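Subject: Structure handover

Hi,

Here is the structure I promised to pass on to you. Have a look at it first, and then read my notes underneath.

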Amino acid sequence: MDGARPAPGGDQLWREADLGYVLILPSMLLWALHNQAWITVSRLQNTRGKRQIVDRGIEFEQVDREGNRDDQIILSAILLLLGAMYLPGGQHIPLWRTDGAVLLAVLHAGPVEFLYYWFHRALHHHFLYTRYHSHHHASIVTEPITSVIHPFAELLAYQLLFSIPMITCALTGTASIITFEIYLIYIDFMNNMGHCNFDLVPCWLFKWPPLKYLIYTPSFHSLHHTQFRTYYSLFMPFYDYIYNTMDKSSDTLYENSLEDKEKELDVVHITHLTNLQSIYHIRPGFAQYASRPYTSTWQIWIIWPVSWLSMVLTWVYGSWFTVERNVMKELNIQSWAVPRYNFHYGLNWEKEAINSLILKAIWEANKKGAKVVSLGLLNQSQSLNGSGELYLQKFPNLGVKLVDGTSLAAAAVANNIPQGTDQVLLAGNISKVARVVAASLCKKIIKV
């Protein structure tokens with residue numbers, strides 16, 4: 001028709017688009033990356049075991065329970081989407097408004113912190129604690145991912161509480177994109193930091209008088225998880241000071257947590273990476289995969305360029321790194337990984353470099369006072385080092401006992417033979433493990 005308006009072009013459509021609405025998905029992706037960075041850094045620090053607040057290992061049940069934090073990210077995205085679509089004043093908001101930033105800060109320090117304090121205290125009442133909050137407190141040794149491990153009803157209540165300043169800014173016409181982004185990152189940052197099992201706020205900075213009332217530390221929140229009756233505040237402890245729910249030992253614990261505590265090792269297991277996706281299954285990797293047996297999933301294959309990049313970075317790094325630390329009764333046990341993958345062990349020109357890496361790890365374990373060093377999987381292969389004989393020749397006066405894992409592998413095989421079996425056929429190469437398995441079965445009066 002002659003009088004019809006021409007269809008808007010691409011530039012015009014982009015100018016008319018609601019930038020706040022468009023940025024919801026990128027914001028959630030940024031949030032996911034931010035969370036993953038905290039999880040990785042926290043777990044790498046805790047595996048070193050030098051500055052832990054609670055000097056305990058992470059229980060396997062906790063790793064299984066704290067599988068992922070997708071629920072929180074999805075819930076946040078839904079609430080932001082609903083606000084951008086239906087909340088008055090939530091559409092076409094500007095990039096920045098100073099009055100909105102000031103209002104949001106005041107609302108957080110006032111109503112949000114105050115309501116959270118009393119809501120949190122209520123959650124510690126027996127009725128609510130046993131039904132909701134005890135799930136979160138099952139983790140004594142906290143990690144960044146612990147901050148979002150709550151029942152859905154409790155998680156929704158927190159999200160609505162955090163929404164108060166944003167909703168108020170939207171309704172009063174003072175909302176802005178940058179203010180909202182900073183606020184969301186602030187909440188995420190403080191949640192992650194508070195649930196780390198090590199302190200990172202410098203002592204000289206924290207002793208500045210106003211700061212100790214405006215920011216909590218991981219050691220403060222750690223006391224909450226170990227004693228349950230102190231520190232109910234969200235991020236600003238001044239309500240704990242007002243209502244006398246501080247702990248007298250908090251300052252001492254905070255100062256002690258900043259000191260490096262080099263503990264003597266008992267056992268070190270030197271392992272290696274397997275295929276390109278295996279790096280996501282170690283504990284500093286993706287939390288949702290760390291507690292599961294290895295499986296190749298479509299999500300992992302999608303990020304194969306990152307897998308290749310991680311392989312290059314680990315190869316360039318050129319040193320072992322700690323992937324696991326456990327304390328079993330009096331034994332301090334660590335697992336170290338050589339930054340090489342399965343296919344590296346089949347390359348003749350890599351053997352010298354791999355042996356050099358393992359030698360460095362053995363020597364470092366010896367310096368740290370380890371009593372036993374075990375070589376896992378391909379690190380103790382006959383073709384690489386003669387089941388560890390090469391290292392004994394290099395270090396004839398080694399103070400640590402070097403074992404190749406044969407006994408463990410043999411025990412795993414022998415103990416899986418069904419009861420009542422009287423004959424077993426062993427097929428394949430006659431390896432050291434096979435000989436130990438055969439000897440073990442013969443002792444059980446089983447024909448091999």
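Below is what I found, going from the sheet to the helices, the salt bridges and the record.

One thing to keep in mind throughout: this is a predicted model.

**The sheet**

Let's start with the strands. Five of them make up an open, mixed sheet, and the order across it is S2-S3-S1-S4-S5. The edge positions go to S2 (321–328) and S5 (401–403); each has a single partner strand, so one side of each is left without a neighbour in the sheet. Direction ignored, neighbouring strands are turned against each other by 20 degrees on average.

If you want a pairing to click on, try S1 with S3 (residues 331–338): these two run in the parallel sense, with six bridges between them. Threonine 271 has alanine 337 in S3 as its bridge partner.

Two helices are worth viewing together with the sheet. H18 packs on it and touches S1, S3, S4 and S5, with a direction at about 160 degrees to that of S3. Helix H3 (residues 24–48) lies across S2 and S3, and the angle it makes with S2 is about 60 degrees.

**A helix pair**

Next, have a look at H6 (residues 98–123) and H7 (residues 126–137). Their axes are 7 Å apart and the packing angle is about 105 degrees, so the two helices count as roughly perpendicular to each other. On the H6 side the contact is made by His120, Ala122 and Leu123, and on the H7 side by Leu128, Tyr129 and His133.

**Salt bridges**

How many salt bridges does a search of the whole structure find? It comes to six, and I'll go through some of them here.

The one between lysine 371 and aspartate 266 has an N to O distance of 2.8 Å. This pair links distant parts of the chain, with the two positions 105 residues apart: lysine 371 sits in the loop between helix H18 (351–367) and strand S4 (372–375), while aspartate 266 sits in the loop between helix H14 (250–257) and strand S1 (267–272). Are the two partners buried or exposed? Lysine 371 is partly exposed at 45% relative accessibility, whereas aspartate 266, at 11%, counts as buried.

Within H18 there is a salt bridge between glutamate 364 and lysine 367, at 3.8 Å from N to O. The two residues are three apart in that helix, which means about one helical turn separates them. Glutamate 364 is partly exposed, with a relative accessible area of 22%, and lysine 367 is exposed at 57%. Shared partners then join Glu364, Lys367 and Lys368 into one salt-bridge network.

Arginine 97 and aspartate 99 form another salt bridge, with the closest N and O atoms 2.6 Å apart. Both ends are partly exposed: arginine 97 has 31% relative accessibility and aspartate 99 has 37%.

**What the record says**

Finally, the annotation. The unreviewed UniProt entry lists residues 20–41, 73–89, 160–186 and 301–323 under "transmembrane region". I looked at two of these spans in the model. Residues 73–89 are 82% helix and 0% strand, and the C-alpha atoms at the ends lie 23 Å apart. For residues 160–186 the figures are 81% helix and 0% strand, with 16 Å between the end C-alpha atoms.

Over to you, and happy viewing!

Terms used. Residues numbered from 1 in each chain as written. Predicted model: local features only at pLDDT ≥ 70, side-chain atom pairs only at ≥ 80, totals over all residues. Heavy atoms only, no water. Salt bridge = Lys/Arg side-chain N within 4 Å of Asp/Glu carboxyl O. Buried < 20%, exposed > 50% of the residue type's maximum accessible area, 1.4 Å probe, protein only. Helix = DSSP H or I, 4+ residues; strand = E, 2+ residues; numbered from the N terminus. UniProt positions renumbered as here; feature names shortened; annotations may be inferred. Pairing = 2+ DSSP bridges. Axes fitted to C-alpha atoms, helices over the stretch in contact; angles between N-to-C directions. Contact = heavy atoms within 4.5 Å. Parallel < 35°, antiparallel > 145°, perpendicular 65-115°, else oblique.
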